[in-house]
Amino acid sequence: MPKPPPRVPHVESSFVLRAELLTLVPHSMSTIDRLEAEGQFPKRIRLEPTSRVAWLRREVTGYLRHLAKRRQSVAEDVEAANQELVARSTRSGPTPENQPANPDHHFAPRGRQ
């Protein structure tokens with residue numbers, strides 16, 4: 001078997017091995033396995049003739065971009081919902097001007113106000 005070429009420092013491989021993958025992706029290996037089986041994570045590649053596996057770096061990077069976009073859209077949805085709640089709360093309900101100084105005074109008997 002031919003000897004593999006030496007690794008060149010500071011040059012990224014087009015493959016991501018398991019140890020590096022776990023530092024890049026915010027999931028455990030069991031979650032990665034499950035997502036991969038469901039088709040929601042890039043498929044691993046077997047590095048023949050060994051039993052080692054790797055993932056294509058460009059696919060993992062694309063997955064991370066997808067996570068970032070999804071997170072951003074969720075944050076935008078939450079912000080829009082918060083703004084809607086604030087707008088609704090200012091439109092409805094009692095305001096300090098039409099609130100009595102003593103909120104319990106309307107429960108007191110008529111002669112004691």
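## The overall layout

How many helices and strands make up the secondary structure of the protein chain? The count comes to three helices and three strands. Keep in mind that this is a predicted model. If you walk along the sequence, the pattern you meet is β-α-α-β-β-α.

The protein chain has 113 residues, and 15% of them count as buried. Its accessible surface comes to about 9,500 Å², with carbon and sulfur atoms accounting for 56% of that. Now take the contacts in the protein chain with a separation of 6 or more: 47% of them link residues 24 or more positions apart.

## The nonpolar core

Let's look inside. The largest nonpolar core is made up of 12 residues in all. Among them are Val16, Leu21, Val25, Met29, Ile32 and Leu35, and the list also includes Phe41, Val53, Trp55, Val60, Tyr63 and Leu67. Three elements, namely H2, S3 and helix H3 (57-91), each supply at least two residues of this core.

Leu67, one of the core residues, is worth a click in the viewer. Setting aside residues up to four places away in sequence, Leu67 touches Pro26 and His27.

## Glu36, a buried charged residue

Is Glu36 buried or exposed? Glu36 sits in helix H2, which covers residues 29-37. Its relative accessibility is 6%, so Glu36 counts as buried, the cut-off for that being under 20%.

Which residues does Glu36 contact, once neighbours within four places in sequence are left aside? They are Phe41, Pro42, Lys43, Arg44 and Trp55. Two of these names, Phe41 and Trp55, also turn up in the largest nonpolar core.

## Strand S2 and the loop after it

Ile45 belongs to strand S2. With a relative accessible area of 28%, Ile45 is partly exposed, because that label covers values between the 20% and 50% cut-offs. Leaving out neighbours within four places in sequence, Ile45 is in contact with Phe15, Arg52, Val53, Ala54 and Leu56. As for Leu17, it is 28 residues from Ile45 in sequence, and the two are 9.9 Å apart in space, C-alpha to C-alpha.

Move along to Pro49, which is in the loop between strand S2 (45-46) and strand S3 (53-56). Here you'll find a cis peptide bond joining Glu48 and Pro49, with omega at about 0°.

## The largest pocket

How much space lies in the largest pocket? About 650 Å³. The lining is built from 20 residues, and those nearest the pocket's centre are Pro4, Arg7, Ser13, Leu47 and Arg52. Arg52 is a name you've met already, as one of the contacts of Ile45.

Sorted by type, the lining has 12 nonpolar, two polar and six charged residues. Strand S1 (residues 15-17) gives the largest share of the lining, with three residues.

Technical notes: Residues are numbered from 1 along each chain as its sequence is written. This is a predicted model: local features need pLDDT of at least 70, side-chain atom pairs count only at pLDDT 80 or more; totals for chains, interfaces and linings use all residues. Side-chain values use heavy atoms; hydrogens and water are left out. Helices (H or I, at least four residues) and strands (E, at least two) are DSSP runs, numbered from the N terminus. Buried means under 20% relative accessible area, exposed over 50%, partly exposed in between (1.4 Å probe, protein chains only). Contact means heavy atoms within 4.5 Å. On a 1 Å grid over the protein atoms alone, a cavity is a set of points where a 1.4 Å probe fits but cannot get out, and a pocket is an open set with protein on both sides within 12 Å along at least five of seven lines; lining residues have an atom within 4 Å of a point. Grid points are joined across faces, edges and corners, and a volume is the space filled by probe spheres set on the points. Ala, Val, Leu, Ile, Met, Phe, Trp, Tyr, Cys and Pro count as nonpolar, Asp, Glu, Lys and Arg as charged, and the others, Gly among them, as polar. A nonpolar core is a set of buried Ala, Val, Leu, Ile, Met, Phe, Trp, Tyr and Cys residues joined through side-chain atoms within 4.5 Å. Accessible areas come from the Shrake-Rupley method with a 1.4 Å probe; for residues, only the protein chains shown count as cover.
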